[in-house]
Structures are given as structure tokens and as C-alpha cells.
Amino acid sequence: MNFQLSKEQEFTRKMVREFATNEVEPLAADIDKEHRFPEETVAKMANYGMLGIPFPTEYGGMGGDHISYAITVEELSRVCASTGVVCSAHTSLCCWPIFNWGNEEQRKKYLPDLLSGKKLGAFGLTEPNAGTDASGQQTRAEKVGDKWVLNGAKVFITNGGYAEVFVVMAMTDKSKGNHGISAFIVEKSDKGFSIGKTEDKMGICASSTTELIFQDCVIPEDRLLGNVGDGFKVAMSTLDGGRIGIASQALGIAQGAFDVTVDYMKSRKQFGKKLSQMQALQFQMADLKTKIEAARLLVYRAAFMKDQHENYSEAAAMAKLFAAETAMEVTTKCVQYHGGYGYTKDYPVERMMRDAKITEIYEGTSEAQRMVIAAHTFKK
Amino acid sequence: MAFNIIVCAKQVPDTNEIRINPETGTLIRDGVPSILNNDDNNALETALEIKDKYDDVVVSVISMGPPQAQDMLFECVAKGADRGILISDRAVGGSDTWATSNAIEAGIKKFEKEFGKVNLILAGRQAIDGDTAQVGPQIAEKFGLPQVTYVEEFKISDDLKTVNVHRQMEDGYEEIEVKTPCMLTCIKELNDPRYMNMKGIFGEKEIIIWNAKDIEVDLNKVGLEASPTNVFRSFTPAPKGKGEILEGDTENQIAQKLMIGLKGKHVI
Amino acid sequence: MAIKIINDKCKGCTICTKNCPFDALTMEGKLAVCDEAKCTNCNACVAKCPFEAIEAAPEQEEVDLSAYKHIWVFAEQREGKLMNVALELIGEGRKLAKDISEDTEVCAVLIGDGIDHLAQECFEYGAEKVYMIQDPLLKNYTTDAYTKVMKQAIDEYKPEIVLYGATHIGRDFAPRIAARCNTGLTADCTHLDVNIAKYIEFAKKETTLDTSTLDPNSSDTGIKQTRPAFGGNLMATIICPRTRPQMSTVRPGVMQKREPEKGATGEIVTIKPEIKAEDIHITIKNIVKSAKELVSLTDADIICSGGRGLGDASGFELIEKFAKKVGGVVGSSRACVDAGWIDHSHQVGQTGTTVKPKIYFACGISGAIQHLAGMQTSDIIVAINKDADAPIFEVADFGIVGDLYKVIPEIMKEWDNAEALFDAANK
């Protein structure tokens with residue numbers, strides 16, 4: 001056992017903390033209010049290498065590890081969960097499947113621009129009628145000559161409006177169920193592909209969540225990712241990793257809310273005493289701090305297992321389940337400890353509470369995480 | 001031949017985080033983070049901007065301090081410096097500014113033997129723990145280099161031979177031209193330092209540690225004993241006694257009380 | 001240099017390690033080892049060792065300190081006008097000189113060109129002698145030229161102490177000379193003593209220092225230079241016992257000018273500078289006075305300072321109106337400068353200007369320790385802040401807990417009524 005972060009991991013935290021404090025936090029309330037995707041911040045993140053951390057340098061990656069990546073998403077989300085998820089969805093849901101499932105040509109073609117952040121990536125699985133039950137895919141891909149023709153629609157696609165490369169699941173043989181799904185790389189400029197409506201959400205308002213629409217979208221043969229019929233495996237393995245990203249986001253939200261509340265409690269006086277001097281509240285905060293730390297250990301362990309090429313599917317599900325529920329509990333209580341002020345937009349905790357909710361839903365709801373964990377428990 | 005820039009940097013406690021224990025009157029240094037000194041960060045940024053623009057520029061950061069100061073050099077290299085050099089030895093511990101400049105001088109001489117002639121030395125104006133602003137000029141003196149302190153604007157000619165700077169003054173600035181090699185001390189108005197970048201954090205890093213023997217420094221010129229200045233006593237400042245809180249039903253009443261109070265103290 | 005353990009003789013008895021007052025001696029196996037960074041050459045261990053295994057530290061090569069006499073002040077001038085701090089230092093230097101001995105003089109060193117008229121001003125403010133160094137090459141300050149001529153003067157006349165103002169020029173100049181003279185320099189001093197009894201008096205009044213170990217009858221007249229460190233969290237008194245001259249830069253605004261004595265005179269010693277154009281390696285192409293209003297925080301009787309509590313940059317509009325009404329100058333906390341609300345030249349505090357006005361209005365300033373370091377010696381501090389627990393109230397003579405946007409207009413309204421209000425209150 002060794003719980004010591006490496007120098008690289010420590011300095012990743014230091015770097016991202018400074019970046020987040022100076023570049024992200026000052027915008028967080030405004031972009032939330034304006035529902036504005038922070039393009040300028042994403043460009044800076046790209047410039048500093050934050051969009052290609054856990055990939056080898058030969059493809060233009062930073063040569064980092066998944067714990068450092070988790071720390072990056074955590075630290076960004078500590079001040080702005082919308083900014084955090086830009087990094088998470090791009091890295092885990094688009095770069096990773098291309099790196100892991102792509103052939104050498106695909107890796108060489110797509111990864112340099114994605115990892116340098118020149119292009120942003122997104123992932124399309126969810127459909128109006130295929131959420132947790134991903135097998136109900138209605139988007140179809142048909143082989144016509146040496147091309148694939150896609151038809152259908154995807155919903156709730158993170159980074160949708162700003163991504164240029166999409167990893168998309170489509171049914172190639174309905175009779176085979178899950179084994180009839182295949183994965184494709186779609187480019188923004190592909191004919192017949194368009195971005196549909198942008199969702200108006202409760203939280204992570206600055207994140208771009210859109211529909212993807214395929215109307216006789218024709219793409220070359222070599223856009224197939226993996227083999228025909230591998231799509232479900234591509235999607236599930238991608239989501240396993242994505243959960244580490246979202247768990248990190250949840251962890252960051254919880255820590256951010258906790259930190260601002262500690263400051264608030266040190267300054268707010270009631271009944272002649274600072275809130276921080278009231279034992280009932282001290283104990284509550286002690287409990288929250290403990291849960292956040294427990295979430296952190298789960299998240300980093302899942303990332304560690306991924307770095308060690310161990311099977312991290314269950315660990316990632318546990319990390320996401322616990323971190324997301326912790327984020328929801330911490331933010332809800334932090335709003336409470338702020339009293340009336342916490343309910344106003346003058347303080348960041350209400351935003352954090354709205355943002356926290358999505359972590360229990362996307363990239364597998366908490367119920368889906370329990371399904372994964374239960375399956376690992378009872379499958380033997 | 002590479003254009004060698006030396007950046008002098010110091011790891012310092014973040015003085016914003018230092019608190020005084022009200023009971024004992026002593027400094028609480030526990031948990032105070034060590035950071036790259038602010039002005040030194042501006043010096044490094046200047047060097048990195050030159051490196052960004054011109055080929056064959058090598059930026060080396062030199063520091064003196066305990067082994068933990070390697071962390072600060074890690075940070076400098078992760079921002080883009082080519083190497084970090086730490087002079088670390090108990091024999092140089094406790095040095096005042098004169099003795100420190102002797103050690104850095106020896107370090108730079110060793111550098112020149114290993115890596116070639118130094119073309120530009122950049123330092124921060126002062127370190128936030130000591131605020132002395134002395135080591136930069138003292139290093140310049142050792143090498144007989146021209147110096148410009150308080151640099152708030154910087155330009156270098158394309159042949160890297162002529163530097164034009166604005167030197168901050170209390171009521172304006174001086175436009176100064178100086179030839180390289182020279183020593184400049186930088187202030188925060190000069191630039192906005194970059195962050196570390198992920199490539200730098202995860203890439204190969206050249207961090208060298210030299211002890212007193214490596215730099216062949218005269219041990220009679222470094223360390224506590226050799227320092228011309230010594231600390232005679234140190235203490236925490238006494239807090240001023242608590243004054244009077246003015247109260248009243250309206251702001252106007254309070255303002256009137258203040259006027260009476262100020263008049264009573266014969267200050268108006 | 002430190003004591004030396006003679007390994008052949010050391011028996012590993014540990015008597016020396018137990019007797020070292022500085023924890024400099026430790027055992028490594030069966031041998032005593034001295035940590036040179038900790039050893040102070042007190043030689044306490046030498047006598048204690050039963051085996052004569054410790055050699056005393058060699059005596060320092062003594063510089064003949066007595067060859068150095070008198071206190072010099074670098075009387076900084078710009079464009080033929082003396083800087084205020086020069087006059088302050090002449091006042092302080094005069095006090096220190098007389099504390100050393102009756103025949104110790106305070107001397108002003110004037111470097112420039114066409115500055116004969118400044119000697120008189122130095123005499124009026126207390127200088128007993130003026131060293132005059134003039135040359136067209138010295139018209140504007142350059143490090144190279146000024147250092148060269150100052151070194152020449154020091155070598156020739158051997159002052160005991162040299163004081164410089166901690167201005168942008170003084171802080172460029174002094175370290176360069178100190179290095180050339182291989183002597184010590186203490187930066188940004190806020191208090192100076194030569195006499196131990198006076199140092200004790202100062203320490204008792206203004207510090208938490210335990211003075212019981214100091215001997216008030218000590219004949220030591222070396223300079224004791226007190227300065228803030230660690231952002232003002234710690235004060236240190238620095239001495240320079242073995243080299244001469246002893247040098248300090250002193251913060252502007254800290255020391256007291258003397259009342260000028262009209263018509264005072266003294267000896268003018270002219271030094272012919274050995275300076276050539278080739279000695280100067282920089283070219284000053286232009287001297288630009290910033291268009292912005294010159295803020296003379298150090299000279300102001302009243303300062304109205306704004307802090308983060310203003311809310312945003314526009315808050316300084318009120319502070320400016322306030323300053324105009326009360327005849328004051330606008331100051332600022334570091335937070336506002338860092339936020340870009342106001343120019344650095346307005347900054348009061350550890351990294352800005354040290355001020356000592358008659359009245360300091362701290363408006364929306366919480367009172368971070370760095371800020372306090374630059375203003376707490378003001379005669380009267382008035383703090384206006386919403387937060388009753390703000391540390392600024394700890395140093396304030398008058399505290400007002402309230403909204404500065406409501407309080408300040410009322411103060412402005414009542415400002416001219418002070419006398420009447422005071423009389424009415426004291427009837």
C-alpha cells in the first residue's frame with residue numbers, strides 16, 4: 001500500500017488549482033447564468049495540455065496517468081463543474097475509445113488534434129428511447145458499397161455543440177441485439193450530420209448538451225471503430241473509464257462546496273458565535289469531510305487500477321456511485337449551512353448543488369452503478 | 001553557441017499564509033506552503049518568452065536552499081525551463097545576502113564550465129520572505145556585469161545583443177538600453193507568468209544538485225560565520241492597543257462623534 | 001569557521017554534545033561531529049572536553065574597525081532636488097552620531113552635477129559635513145558611475161556607517177556598493193540604534209522582545225538595524241560586527257527630519273570623481289514621469305485608503321472625493337492593486353509604501369498583516385468596515401462598524417464642523 005501521490009500528481013494538482021482559481025473560478029457564476037460554453041477557457045486548457053493527459057506522447061498525449069487526469073477534473077470541478085466535464089467527456093469518452101479501440105491509422109489521424117485540444121471530442125450513445133438500457137439503439141448504420149450510411153438521433157451529448165470528432169454507436173444488425181451494435185467515428189463536417197437542439201438544463205449550464213442528428217449521413221468505411229458488432233463493448237468499456245471522470249467531477253464539486261462553506265462558517269456569526277464554533281455544525285462538517293475523503297480514495301483507487309491495467313469496472317462504478325451521492329449530500333447540506341444566503345446566487349453553493357445532481361445521472365445513473373456492482377457480486 | 005539565460009530563483013514560504021500565534025507571539029509556519037518567489041516567477045517568464053521566440057536559447061534556473069527546494073525547480077522546469085540547478089549544502093546554510101551571492105557566483109562559474117558562457121542573468125527584484133532586493137545586484141557586482149533593477153518592461157533585439165527596458169521609478173520610469181551580458185531584476189508589472197504545463201510536468205526533467213565542493217566555493221565566504229551581517233535579536237511586533245468603537249443611531253451621529261474624537265486628539 | 005574535532009583523540013564520551021548550547025555537536029557512531037551551520041564558535045566545548053579532542057575555532061581576521069569613523073548619509077537627489085528621505089536620514093544620522101560619541105559627525109554625501117546649492121539644505125537639516133562629488137557623468141543616477149565614485153569616497157574617508165534611502169535608486173545602489181566593499185547591508189530598516197540602552201528602551205516600548213539578556217551599560221556602539229521580515233510578521237534586529245562600513249537602507253517616511261536651522265553651515269569636502277564615460281555600461285534614453293498624478297503618500301498628513309470592501313474599482317471614486325474633501329491622498333490595500341482597481345503607486349503596506357500620516361482612514365480594509373505593517377505607526381487610525389471582527393479594528397483608534405458608502409458621506413458633511421462639535425460636546 002502506498003497512498004503517497006507522486007511528484008507529478010502533486011504538481012498536477014498545484015497547476016490545475018492555480019489555473020482554476022485564476023482562469024475558471026472568476027467566470028463560473030457568469031457562464032452558469034448565461035448558459036455559455038467557456039470556449040476561451042477550453043482553449044487555455046488545451047494550451048496547457050489539460051485535454052490529453054493520460055495518453056502516450058507518441059500520439060501527442062502528455063504521458064500522464066489516470067490519477068493525474070482525475071485530479072485535473074476534480075480541481076476544475078471544485079470551482080466549476082461545467083468546465084470539469086468538458087475535460088472529462090473529451091478525454092474519457094472520445095480520446096480514450098479511439099486510443100483503445102482504434103487502429104493505428106485512426107489513432108494517428110485523430111489523436112494528435114484531440115490530445116492537443118485543437119479539436120474537442122464527444123460521445124454519442126444515449127437516445128430518446130435508449131438510456132440506461134443502451135441495447136435499445138435505434139440509430140442504424142448500413143453498409144452501402146465502401147461507405148456507411150447513418151440514420152437516427154442521439155440526445156444529451158456532452159460537448160455536442162463544440163466537438164469536431166464524435167464516437168457514435170449505431171445498430172448494424174438489429175437481430176443480434178447488443179452484438180449488433182457497432183462504433184463509428186463521425187466528424188462534424190460529415191454530410192448528413194447535424195447538431196440538434198441544445199438542452200436547457202438544471203445544472204452544468206455552461207456545458208454544451210445537444211442532440212446529434214444523422215440523416216443519410218455518409219461516412220467512409222475506415223470510420224468503423226473496432227470490428228462490426230464491437231459497439232456495445234466499446235461503449236461499456238468507455239463508460240467504465242468515463243465514470244472515473246464523472247466521479248472526479250463529483251468529488252471536486254463536493255470539495256468546492258465544502259471549502260467555501262468552511263470559509264463562510266468562520267465569518268458568519270449568529271447568537272453571538274461564529275457558526276464554526278457551534279459543535280452541532282462542526283460535527284456535521286466533520287462527517288462531510290470524512291465522506292469526501294472516502295470518495296477521494298475510491299476515485300483515486302479506480303484510476304490507479306486503470307493505470308495498472310487491472311479490471312476497474314466495479315471500482316469505477318463504486319467510485320462514481322459514492323462520489324456522486326456524496327456530492328449531492330455535501331452540496332445540499334452546504335446550502336443549508338449558508339441559510340438564506342445559500343439559496344441566493346450571491347454564493348456559489350446553490351450552483352454547486354444544481355451541478356451535483358447530474359453526477360448521479362449521466363454516464364450511468366446511480367441505479368446503473370448498483371447494477372454493475374451487483375453483477376460483479378453475484379455473477380459467480 | 002546557445003544563448004544561456006540564468007534565472008535566479010528562491011523557494012520562499014508564502015508569507016500571506018503565515019499567522020502569528022496570539023498566545024505565544026510566535027510565527028506559525030506549520031502548513032505554510034513553500035512557493036516559487038513571486039518576482040522570480042516574473043524573471044522566469046521573461047526568460048521563457050525569449051526562449052519561445054528565438055532558437056537555441058537555453059534557460060537554466062539556479063537556486064540555493066535545502067533539498068526541498070528541488071520542488072520549486074521542478075515547477076520551473078514544468079513551466080518550460082531547460083534545467084534546474086540547486087546549490088544545497090549545510091556549509092552555505094545561514095548565509096546572508098553577501099554570502100549567498102558568493103555561493104551563487106561560484107555556482108554560475110561552475111555552470112559556465114559545464115554548459116558555456118552565460119549571456120543574461122535574470123532575477124526577481126526581491127524575495128517575499130526577506131524583502132532585501134540585494135542578491136541580484138550583488139551577483140552582478142561579482143561578475144562585473146551591468147545591472148538594471150525594477151524592470152517593468154523588456155525588449156531584446158533579434159541578435160540578442162541589446163536589451164531595452166523600462167526601469168520603474170517611484171514617479172514614472174527610465175528607458176534604459178544595455179548590452180548583454182547583463183543582470184536584470186524583474187517586478188510583477190513586467191508580465192503575467194505562465195502556469196506549469198502538463199507536458200512539462202510529465203516530461204523528462206534535468207534537476208542538478210551541487211554541493212559546496214562541486215562549486216568549489218571558498219568556505220570562508222559562505223555560510224553563517226562568513227556572513228557580515230548577523231541576526232542580533234528577532235521578535236514579533238507588538239500590537240497596538242485597541243481603540244474605541246464609535247456607535248450611534250445614525251451614520252451622521254457616528255460621523256459627529258468621530259469629528260469630536262479627532263479634534264480631541266489634536267489631529268485636525 | 002567552527003571548532004574542530006580531532007578524531008584521534010575523541011573517545012565518544014558525549015560530554016561535548018551535552019554541553020553545546022547550540023546543539024551543533026552530535027554523535028556519529030563513536031565520534032563527535034560538529035554541524036558548522038549551527039556552531040557559533042563559542043568554544044564552550046573546548047574547555048569541557050576531557051581529552052583535548054576539540055580545537056578552538058580560529059580567531060577571525062580582525063579588520064581594524066577603529067579606522068572607520070562618522071556616519072554618512074547618501075543624500076539622494078533627483079534633478080537637483082533632494083529626496084525627502086535624505087533629510088530624514090540626516091536627522092536620524094545626527095541622533096545616532098551623538099549616541100556614538102560627541103565627536104562623531106553626520107555627513108551628507110551629494111553625488112550629481114550642478115548641485116552646489118544642495119549642501120546648504122543638508123546643513124540646515126543637521127549635516128555637519130558635506131562630501132560633494134560632481135561631474136556631468138553623474139547628472140543622472142547610474143549604478144556604474146555612482147558605485148564607482150562612492151567606493152572611491154569610502155576608501156578615502158572610511159565612514160563607520162552609511163545610510164541610504166530605500167528608494168528605487170537606493171535599493172539599486174546600496175547592494176552594489178556593499179558587495180564591492182565586501183561588507184554587510186541591511187535592507188529596508190524601520191528603526192536604528194547604536195546604543196544598547198536606547199535599543200532596550202525601543203524594544204520595551206514597541207516590541208515583544210525580552211530585553212533581560214541585554215546589558216544597558218554595554219559599550220557596544222555597532223549599529224542595530226531593525227527591519228520587518230516574513231511580510232511584517234517578524235521583526236529582526238541585524239548587526240554587522242566584523243566589517244566596515246556598516247550599511248543600511250531605510251524606508252522613506254520612517255525617520256524624523258530635524259527642524260531646519262536657517263543659515264546653518266558646515267565643512268564642504270569636494271571629491272574629484274575618477275570617472276570616465278566608458279565606466280558606464282547602460283544608456284538612459286529617456287526619463288518619463290508618469291502622467292498619473294504624483295502620489296506622495298509618505299508626505300501626506302491625511303490618507304484615505306480603500307480596500308476590497310469597496311466592492312469594485314468604482315469605489316475609488318468615493319475615496320477620491322473623500323480625500324479631496326479632507327485634503328488627503330488616496331491610498332490602497334494590496335488586494336485592490338492586485339485586482340487592478342488602482343495603480344501600484346497608491347499601495348500602502350509591506351510591499352508598497354510605509355506611511356505615517358496624522359490620520360489614516362482605512363475604508364473597507366480588513367487589515368491583513370501586510371497592510372498593517374505599512375500604516376500602523378500612523379498617529380491616528382480610523383477604520384470603517386462592515387465586519388466587526390476585521391483585524392483592522394485591533395489597531396484602529398476609532399472604529400466604525402458600518403457601510404462605508406453611508407458613513408463616508410456623513411464624515412464629509414461634518415468635516416468642517418469639527419470645531420463646533422467639539423466645543424459643544426465639551427461645554
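In the predicted model, chain A and chain C are joined by no contact, and their closest C-alpha atoms lie 9 Å apart. Contacts between chains are instead found in 2 pairs of chains, of which chains B and C share the most contacts.

The interface between these two chains involves 81 residues of chain C in contact with 78 residues of chain B. On the side of chain C that touches chain B, the largest share is contributed by strand β17 of chain C (residues 282-289), which supplies 8 residues. When the residues of this side of chain C are sorted by class, 37 are nonpolar, whereas 22 are polar and 22 are charged.

Chains B and C are also connected through strand pairing. Strand β14 of chain B (residues 230-235) runs antiparallel to strand β14 of chain C (residues 234-239), and 5 bridges join the two strands. Within this pairing, B:R233 has C:T237 in β14(C) as its bridge partner. Strand β14(C) is likewise paired with strand β13 of chain C (residues 224-229), again in the antiparallel sense and over 5 bridges; here C:Q225 has C:I238 of β14(C) as its bridge partner. These pairings belong to an open sheet of 4 strands, in which the order is β14(B)-β14(C)-β13(C)-β12(C) and the pairing is antiparallel. The edges of the sheet are formed by β14 of chain B and by β12 of chain C (191-193), each of which pairs on one side only. On average, and with direction ignored, neighbouring strands of the sheet are turned by 25° against each other. In general, the strands of a sheet pair through backbone hydrogen bonds, in either a parallel or an antiparallel arrangement.

Helix α6 of chain C (residues 170-181) was examined for both its span and its surroundings. Because a helix is expected to extend 1.5 Å a residue, the 12 residues of α6(C) should span 16 Å, and this agrees with the end C-alpha atoms, which are 16 Å apart. Of the 12 residues of α6(C), 11 are buried, so the helix is largely enclosed by the rest of the structure. The buried residues of α6(C) include C:G170, C:R171, C:D172 and C:F173 towards the start of the list, together with C:A178, C:A179 and C:C181; charged side chains are thus represented among them by C:R171 and C:D172. The residue that follows α6(C) is C:N182, whose phi is positive, near 50°.

Terms used. Residues numbered from 1 in each chain as written. Chains lettered and ligands numbered in written order. Predicted model: local features only at pLDDT ≥ 70, side-chain atom pairs only at ≥ 80, totals over all residues. Contact = placed C-beta atoms within 7 Å. Pairing = 2+ DSSP bridges. Expected span 1.5 Å × (residues − 1). Buried ≥ 20, exposed ≤ 12 C-beta atoms within 10 Å, placed from the backbone. Axes fitted to C-alpha atoms, helices over the stretch in contact; angles between N-to-C directions.
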